[in-house]
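I opened my notebook for a fresh look at this one. Here is what I looked up, in the order I went.

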Amino acid sequence: MTTTADTDLSESVEETAEAIATMETRGAATIADAAAVALAEQARAVDAADPEEFRATMRAAGRRLYDTRPTAVSLPNSLRYVLGRMEGDTVGQLRSSVTTAAADFSRRLETAQDELGRIGANRLRDGDTIMTHCHSTDALSCVRAAVEQGKEISAIVKETRPRRQGHITATELRKMGVPVVLIVDSAARRYLDETDHVLVGADAIAADGSVINKIGTSGLAVNARERGVPIMVAAQTIKLHPDTLTGHTVEIEMREEEEVISADERAELGDLTVENPAFDVTPPRYLDAIVTESGQFPPESVVTLMRELFGESATRPWEEPESTDGAGEAAEPRVDERTEPR
Ligand SMILES: O=C(COP(=O)(O)O)[C@H](O)[C@H](O)COP(=O)(O)O
């Protein structure tokens, strides 16, 4: 394993960061796992003269990964888990603490997904038609478990513009033997009449129970509530956003206009602005349940679980030790008002 000359960061960290930024690696759980693996490879690759240099390089690797995509909190939670367990008096001890923590994180991720799948499957009945949005491995875990329980499930899969992650979902569901009807996003309300359960994942869950997920989730949830169709969010606890306990907002990623429109189409349309927000915020009142590996929760009570897991403040071990922020400031949890659906 080599390290890049300029930054001392391993190729693995650079490649993982690039893959996350370009969405070659995407989806909150997959991003979190990739970050943990990259940190372990960085720990193995770093040729540090002393423990302080090792720690500084690992912090830099954490920062590089952290800066890739702002919304999925599983990424900082993964960095927090691995770098928060970095300990020892020698480079060897530090290295081994990081690689052990990273392996532990990946294992927990897999177990958590299986556990939440079994819990989520209990909400689905034999013969149910689900509607999905985007591609969520947590949501698919619920369908997989339901199918394994012998339930017949069929799916209406939203295409999910602009990146069409619905195609990945459709492919995965077909592998499970689930019949799929693929629809464009704007057809969702029409097909809610044929839907028994809406099932989505999450990139982040705020302390007030708001769910941040792929753009279009909030509109789907509002329509589902109006039609009386229950909506479940499948999300491991690494999707809980501890900063929202102390009043911080969740940043919504704005992506390039090229994902929405080709350069030729853009030129034809002339002088206008194209905006491409990647995520939106669904307020808790439109959601029926958040299903985690620790059980299912009404959205408003997820704050209890968040406090249990993270305390009142979250550390930022990828920053210099003296620059941790916000510790102990109790404030009303909220999400960025700019991100509320209108
Ligand atoms: O919104 C997305 C992915 O957005 P993008 O394609 O922009 O990354 C998914 O619903 C969540 O990340 C949950 O996925 P998972 O359950 O796999 O963590």
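How many nonpolar, polar and charged residues does the shell around the ligand have? I worked from a predicted model, and I found six nonpolar, six polar and six charged residues in that shell.

Next I listed the neighbours. The ligand is surrounded by 18 residues, and the closest are R26, A29, S136, T137 and N213.

Then I went through some polar contacts. For A29, I noted a backbone N or O atom 2.7 Å from an oxygen atom of the ligand. A polar backbone atom of A28 is 2.9 Å from a ligand oxygen. With K214 the side chain takes part: one of its polar atoms lies 2.7 Å from an oxygen atom of the ligand.

I also checked the cover. On its own the ligand has 460 Å² of accessible area, and the protein covers 100% of it. Which elements give two or more residues to the shell? I wrote down α2, α6 (137–148) and β6 (211–214).

After that I turned to helix α1, residues 11–21. Its buried residues are S12, V13, T16, A17, A19 and I20. Why do I say that they line one face of the helix? Looking down the axis of α1, I see them fall within an arc of 165°, so they share one face. That reminded me that an α-helix has 3.6 residues a turn, so residues three or four places apart point the same way.

What covers those buried residues of α1 includes α2 (28–45) and α3 (51–66).

Last entry: just after α1, I found M23 with a positive phi of about 70°.

Definitions and conventions. Residues are numbered from 1 along each chain as its sequence is written. This is a predicted model: local features need pLDDT of at least 70, side-chain atom pairs count only at pLDDT 80 or more; totals for chains, interfaces and linings use all residues. Side-chain values use heavy atoms; hydrogens and water are left out. Buried means under 20% relative accessible area, exposed over 50%, partly exposed in between (1.4 Å probe, protein chains only). Helices (H or I, at least four residues) and strands (E, at least two) are DSSP runs, numbered from the N terminus. The arc is that of the directions from the helix axis to the C-beta atoms. Contact means heavy atoms within 4.5 Å. A residue is near a molecule or strand if one of its heavy atoms lies within 4 Å of it. A polar contact is a pair of N or O atoms within 3.5 Å; within protein, one must be able to donate a hydrogen and the other to accept it, and residues adjacent in sequence count only if both atoms are side-chain atoms. Accessible areas come from the Shrake-Rupley method with a 1.4 Å probe; for residues, only the protein chains shown count as cover. Ala, Val, Leu, Ile, Met, Phe, Trp, Tyr, Cys and Pro count as nonpolar, Asp, Glu, Lys and Arg as charged, and the others, Gly among them, as polar.
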